[in-house]
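Got the model open in your viewer? Keep a selection box handy and follow along, stop by stop.

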Amino acid sequence: MPPTELASFSAAGERDVELVTLSEIVRTCRVLHAANLTTTVWGFVAARHASGGGIWVTRDNVGFDEVNIDDIVLVSSKGELVQGDFEPDSEQALAIEVMASRRDVQAVIHVHSLHATAFAATNRALHAISHEGCHLVPPDIARSRFLDDPGTWTDEGRELVSSLGQRNSILMPGHGLITVAETLGEAAALAVYLEKACRLQLLAGMDFYAIPDAEVMKKRSGQLSRPRLSWEYLQRVTPLTREESV
Ligand SMILES: [Zn+2]
C-alpha cells in the first residue's frame with residue numbers, strides 16, 4: 001500500500017503553531033538524552049516542515065547527544081530525502097503517517113526508553129498515580145500490538161497510527177514509546193512524563209492509589225502542571241553545548 005498522502009501539510013486554516021527550527025530539534029534531542037530516555041542511536045525526533053511539504057527528522061544511526069543541525073534531514077511525504085547528506089531515521093515513516101492523519105500534530109518523538117518499554121510489555125492499564133500520569137490517562141494509554149517492522153510503508157505502521165487515534169502518546173510493546181504534540185517541547189515533556197508514569201507504576205506494583213478522574217482533569221488543566229512549563233525547565237537544566245556552538 002502506498003504511503004498516506006500529506007495533503008493536510010499545507011492545508012489552509014491550520015492552527016497557528018510555533019515555527020519549528022532545526023535548532024529546536026537539536027535542543028529536543030539534548031533534553032531527551034539528559035532525561036535518560038535514549039538508548040544508543042535508536043529513536044527519532046521529527047517536526048513538520050513550515051511549508052507543509054514534508055518533515056524534518058533526525059538521521060539514521062546517530063545518538064541524541066551527538067545530533068547537530070547537519071544530522072537533521074528533510075524528507076518528502078513519501079519518505080524520500082529532499083535535503084541533507086544522510087539517510088533519515090529508518091522509522092521515519094511513523095512520523096510521516098502520524099502527521100498525515102493528525103493535522104494538529106507538528107512534532108513526533110520516538111524513543112526506546114527503559115521503563116516505558118518494560119511497562120509496554122505488560123497487559124496492565126496505565127493509571128494516573130502522579131502528576132505526570134494526569135497528562136496521559138484517562139482514557140487508558142494507547143498500546144499497539146507487537147509490530148515486526150513498523151517503520152516501513154506497511155499496514156502495520158498505519159495500524160499503529162490508528163491505535164494512537166487522537167491521543168498524545170502510545171506504548172509499543174517490544175519497542176518503546178511515541179508522543180505527539182503541537183510543539184516539540186510539549187512532545188518532549190510528554191515523553192518524560194510517560195517514561196516516569198510507567199516507572200512509577202512498575203514501582204508501585206499491583207496495589208496502588210490512583211488519582212480520581214475528577215482530580216486528574218483539574219490537574220490536567222492547571223497552569224502549573226502544563227507540559228510547556230516542564231519543557232522550559234528541562235531546557236534550563238540541560239547542557240546544550242553542541243547546539244549553541246552552531
Ligand atoms: Zn524504534
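Start with the whole chain as a cartoon: nine helices and eight strands. Helices here are DSSP runs of H or I with at least four residues, strands are runs of E with at least two, and both are numbered from the N terminus. This is a predicted model, where local features need pLDDT of at least 70, side-chain atom pairs count only at pLDDT 80 or more, and totals for chains, interfaces and linings use all residues. Residues are numbered from 1 along each chain as its sequence is written.

**Colour by confidence**

Colour by pLDDT, the predictor's confidence in each residue, from 0 to 100. The chain averages 85, and 86% of its residues reach 70 or more. Among the elements, helix 3 (residues 114-120) has the highest mean, 97, and helix 9 (residues 241-244) the lowest, 53. Now select residues 1-20: pLDDT is below 50 there, and beyond near neighbours in sequence this stretch has 40 contacts in the model. A contact means that two C-beta atoms, placed from the backbone, lie within 7 Å. Where pLDDT is low, the predicted coordinates should not be read in detail.

**Colour by burial**

How much of the chain counts as buried? Of the 246 residues, 44% do. The count uses C-beta atoms placed from the backbone: a residue with 20 or more others within 10 Å of its own is buried, one with 12 or fewer is exposed, and anything in between is partly exposed. As for contacts with a separation of 6 or more, 71% of them link residues 24 or more positions apart.

**Select 92-101**

This is helix 2, and nine of its ten residues are buried. Show side chains for Gln92, Ala93, Leu94, Ala95, Ile96, Glu97, Val98, Met99 and Ala100, which are the buried ones. Then bring up what covers them, including strand 1 (44-48), strand 2 (55-58), strand 3 (72-75), strand 5 (107-111), strand 8 (176-181) and helix 5 (155-164).

**Select 184-204 and 22-34**

Two packed helices are described by the angle between their axes and the distance between the axes. Your selection holds helix 6 and helix 1. Their axes come within 10 Å and cross at roughly 10°, so helix 1 is roughly parallel to helix 6. Axes are lines fitted to C-alpha atoms, for helices over the stretch in contact, and angles run from 0 to 180 degrees between N-to-C directions. Under 35 degrees counts as roughly parallel, over 145 as roughly antiparallel, 65 to 115 as roughly perpendicular, and the rest as oblique.

Which residues make the contact? On helix 1, look at Glu24, Ile25, Thr28, Val31 and Leu32; on helix 6, at Leu184, Ala188 and Ala191. By class, the contact of helix 1 with helix 6 has six nonpolar, one polar and one charged residues. (Ala, Val, Leu, Ile, Met, Phe, Trp, Tyr, Cys and Pro count as nonpolar, Asp, Glu, Lys and Arg as charged, and the others, Gly among them, as polar.)

**Add 227-236**

Now helix 8 joins the view; its axis and that of helix 6 come within 8 Å and cross at roughly 90°, which means helix 6 is roughly perpendicular to helix 8. Gly185, Glu186, Ala188, Ala189, Leu190 and Val192 of helix 6 meet Pro227, Arg228, Ser230, Trp231 and Leu234 of helix 8. That contact divides into seven nonpolar, two polar and two charged residues. Ala188 is worth a label, as it takes part in the contact with helix 8 and in the one with helix 1.

Look down the axis of helix 8. Its buried residues are Pro227, Ser230, Trp231 and Leu234. They sit on the same side of helix 8, because they cover an arc of only 100° around the axis, taken from the directions from the helix axis to the C-beta atoms. Their cover includes helix 1 and helix 6. On the face turned away you'll find the exposed Glu232, Tyr233 and Arg236.

**Loop stops**

- Select His112, in the loop between strand 5 and helix 3. Leaving out residues up to four places away in sequence, His112 touches Thr39, Trp42, Gly43, Thr117, His175 and Gly176.
- Go to 137-139: cis peptide bonds join Val137 to Pro138 and Pro138 to Pro139, each with omega about -5°.
- Finish at Asn36, between helix 1 and strand 1, where phi is near 65°, positive in a residue other than glycine.
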